[in-house]
Amino acid sequence: MTRKGRVVIDREMCKGCYLCTRACPMKVMVRDTAANSTGTYPVKQLAQNASGGSCIACANCYEVCPDVCLEVYELQQ
């Protein structure tokens, strides 16, 4: 059975480097269209089962984030 996950993003801490978007094997991390209070466009997680796939809780995004503004949770099935 495939693992499912969820990413919690601290929008105010994200500086928009987008390293997580490149590290995500399922391509569920994307640039947000709404800016945060500093005018930076942070990342967001696409909805589960979106065209890019679903989060598998691999935590690649967490590993590459230089500002540690992501938390990855594995969901119970």
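**Close-up views of a predicted model**

**View A. Arg-31 and the ring of Tyr-41.** In this predicted model, Arg-31 is placed over the face of Tyr-41, at 4.3 Å from the ring centre. Pairs between aromatic rings, by contrast, are absent, since a search of the whole structure finds 0 of them. Arg-31 appears again in the next view, among the residues in contact with Val-43.

**View B. The surroundings of Val-43 in the nonpolar core.** The largest nonpolar core comprises 14 residues, and those with the most contacts inside it are Val-7, Ile-9, Cys-20, Met-29, Val-43, Cys-61 and Leu-70. When neighbours within four places in sequence are left aside, Val-43 is in contact with Ile-9, Cys-20, Met-29 and Leu-70, among others. The contacts of Val-43 also include Cys-14, Tyr-18, Thr-21, Val-30, Arg-31 and Asp-32. In soluble globular proteins, nonpolar side chains tend to be buried together.

**View C. Lys-27, a residue with positive phi.** Lys-27 is located in the loop between helix H1 (19-23) and strand E2 (29-31), and its phi is positive, at about 60°, although the residue is not a glycine. With a relative accessible area of 46%, Lys-27 is partly exposed.

**View D. Ala-57, in the loop that precedes helix H2.** The loop between strand E3 (43-45) and helix H2 (60-64) holds Ala-57, a residue other than glycine whose phi is positive and near 60°. Ala-57 counts as buried because its relative accessibility is 11%, and the limit for that class is under 20%.

Definitions and conventions:
Residues are numbered from 1 along each chain as its sequence is written. This is a predicted model: local features need pLDDT of at least 70, side-chain atom pairs count only at pLDDT 80 or more; totals for chains, interfaces and linings use all residues. Side-chain values use heavy atoms; hydrogens and water are left out. A nonpolar core is a set of buried Ala, Val, Leu, Ile, Met, Phe, Trp, Tyr and Cys residues joined through side-chain atoms within 4.5 Å. Buried means under 20% relative accessible area, exposed over 50%, partly exposed in between (1.4 Å probe, protein chains only). Contact means heavy atoms within 4.5 Å. Helices (H or I, at least four residues) and strands (E, at least two) are DSSP runs, numbered from the N terminus. Rings of Phe, Tyr and Trp (its six-membered ring) pair if their centres lie within 6.5 Å; planes under 30 degrees apart count as stacked, over 60 as edge-to-face and the rest as tilted. A charge sits over a ring if NZ of Lys or CZ of Arg is within 6 Å of the ring centre and within 35 degrees of the ring normal.
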